[in-house]
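Q: Could you take me through one part of this model in close detail? I would like to see how a single helix and the loop after it are put together, and then how they sit within the chain as a whole.

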Amino acid sequence: MISSQEKLPVIVMRSNDLSFLGIIRSLGREKIPFRSIVFTWKNANTWFSEKSKYFKKDYNIPNPHENKESALIEMVKIGQLLLEEFKQPLLIIPSSDTNLMFLINNENTLNKFFVLNGCKKFKTYRADIADKFYCSSLVTKKYPELCPKTFKCESNIEIDLLIKKTLYPLIVKPSVKDYAQSFYAKHNGMKALTVTNESELKKILSDGLDAGSKLIVQEKIAFDRPEDEIPFYAYVDKNSKIIMAATGIKRLIQPHPYGTANVLELSWHQELLELAQKIVEAISWRGLIMIEFIKEKNTNQWKMIEINTRPWLFCDFYSRCNFNFIKLLYLDWTNNLADYESVKLPSDGLMKNPPVHFGLLAIYNNMTTKEKKHIFNDLNSIMKYIESFGGTFSLTYYDLDDVQPGVENLKALLKRIDSHTSIDALINTLNDKLTKL
């Protein structure tokens with residue numbers, strides 16, 4: 001528990017509802033003070049996080065995608081007020097890549113008021129690591145065996161060069177995100193695309209450049225099993241030493257294969273710890289980080305696919321499993337992080353029956369009509385689907401200590417499936433089976 005004497009608040013930016021909820025729960029459970037900056041847009045999904053007992057709407061700004069100039073003006077006003085009150089810049093935590101890039105793009109204006117995770121001395125915003133090409137280049141320079149071949153594409157001239165020197169199949173994805181997540185929107189929620197021939201590559205790159213995207217082309221690493229595509233979550237101290245880590249297995253990705261993991265199992269892959277340690281040292285990192293690894297099936301060697309530097313979608317799940325990365329970030333920023341002699345890892349006891357995390361509404365929204373009728377037909381079919389994954393389970397939004405976001409999320413699910421199941425029946429069944437992590 002954080003001492004009540006700690007007065008400096010964290011600033012949390014909301015743009016992704018689930019990630020934002022995970023951040024404020026991670027802070028709220030530890031009684032860490034925070035203030036929120038929110039924005040919304042026309043046709044935005046329901047903000048279930050607003051039902052949390054931890055939610056506060058302290059400041060409001062325009063959506064940076066719709067009006068980046070006004071959003072920046074309002075951010076500066078908020079920063080000036082906070083600087084006057086606390087006499088120093090405050091740690092800010094973005095809940096998605098969209099507001100991470102808003103901060104990075106305006107670093108010269110905002111760094112007087114806000115501090116970002118990543119820099120050894122909490123000074124710069126680490127735009128180099130947010131850029132997937134330059135991040136890969138840093139790691140490749142020191143550990144070429146850890147990275148697939150990766151090329152940048154920022155101009156039409158580079159398209160012709162890439163076509164001449166690449167081998168198929170390839171992966172194409174944004175090197176730097178934009179405020180609208182336009183690559184995902186254009187490609188039906190896909191975070192990357194597989195390319196198998198020259199004409200396909202030329203079209204995708206040309207279309208991306210025309211839309212203003214910076215892209216990377218990456219060697220495709222072949223793998224067969226979900227256990228061979230692993231997100232590695234870590235906290236890294238001021239000496240670039242990993243002091244807490246856990247991994248996950250993506251049991252369901254929607255849309256497949258480059259969408260969001262809507263079913264995630266807590267796991268531990270010991271062999272990745274040494275590799276992750278090399279990577280965080282190569283990029284001189286401090287703070288929370290997620291490293292995406294894939295094991296190449298022909299060589300059994302792990303490769304680093306990419307790095308994410310803001311809290312991930314299911315940070316609340318890990319916090320419930322006693323891996324509160326947000327807490328460590330706060331302790332580190334306020335110079336209260338103890339020196340850890342050993343790394344905190346998932347215990348053998350926890351791994352005997354590992355928790356599995358479900359986003360039921362997200363799963364439903366991404367299923368075919370046939371799948372929906374089969375899996376979401378009634379309460380029994382829903383529970384049968386959950387239990388088919390084994391292990392203990394938990395749900396996005398629905399936390400036994402903060403139930404209302406989950407109640408509203410489940411109500412939305414029942415409304416969509418036009419079920420005769422009542423919310424009370426669903427909640428009662430879930431409460432009997434849910435694990436209190």
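A: Happy to: we can begin with the helix H12 and the loop after it, then step back to the whole chain. Bear in mind that this is a predicted model. The mean pLDDT of the chain is 94, and 98% of its residues reach 70 or more. One stretch to treat separately is residues 1-5, where the pLDDT is below 50; beyond near neighbours in sequence, that stretch has eight contacts in the model.

Let's start at the N-terminal end of H12, which is capped by Asn-324. A side-chain oxygen of Asn-324 lies 3.3 Å from the backbone nitrogen of Ile-326. Moving along the helix, you will find that H12 is mostly covered, with eight of its nine residues buried. The buried set consists of Phe-325, Ile-326, Leu-328, Leu-329, Tyr-330, Leu-331, Asp-332 and Trp-333.

Now for the other end. H12 spans 325-333, and Thr-334 is found in the loop between it and helix H13 (348-352). Thr-334 counts as buried because its relative accessible area is 14%, and the cut-off for that label is under 20%. Its side chain has two polar partners worth displaying. One is the backbone oxygen of Tyr-330, which the side chain of Thr-334 reaches at 2.8 Å; Tyr-330 is itself one of the buried residues of H12. The other is the side chain of Asn-336, with which the side chain of Thr-334 makes a polar contact at 3.1 Å. Asn-335, which also follows H12, has a positive phi, near 60°.

Stepping back, the chain holds 18 helices and 16 strands. Its radius of gyration is 22 Å, close to the 22 Å that the globule rule gives for 437 residues, so the chain is as compact as a globular protein of that length. Along the principal axes, its C-alpha atoms fill a box of roughly 60 × 55 × 50 Å. Buried residues make up 57% of the chain. Of the contacts between residues at least 6 apart in sequence, 69% join residues at least 24 apart.

As for the interior, the largest nonpolar core has 101 residues. Those with the most contacts inside it are Met-75, Phe-114, Tyr-318, Leu-360, Phe-376 and Leu-410. Leaving aside neighbours within four places in sequence, the contacts of Met-75 include Met-13, Ile-37, Phe-102 and Phe-114. There is also a second, separate core of 29 residues, with Cys-147, Val-236, Ile-283 and Ile-291 among them. On the outside, the chain exposes about 19,600 Å², of which carbon and sulfur atoms supply 48%.

Note on methods:
Residues numbered from 1 in each chain as written. Predicted model: local features only at pLDDT ≥ 70, side-chain atom pairs only at ≥ 80, totals over all residues. Heavy atoms only, no water. Core = buried A, V, L, I, M, F, W, Y, C linked by side-chain atoms within 4.5 Å. Buried < 20%, exposed > 50% of the residue type's maximum accessible area, 1.4 Å probe, protein only. Contact = heavy atoms within 4.5 Å. Helix = DSSP H or I, 4+ residues; strand = E, 2+ residues; numbered from the N terminus. Polar contact = N/O pair within 3.5 Å; in protein donor to acceptor, adjacent residues only side chain to side chain. pLDDT = per-residue confidence, 0-100. Rg over C-alpha atoms; globule rule 2.2 N^0.38 Å. Areas by Shrake-Rupley, 256 points an atom, 1.4 Å probe, with all protein chains shown as cover.
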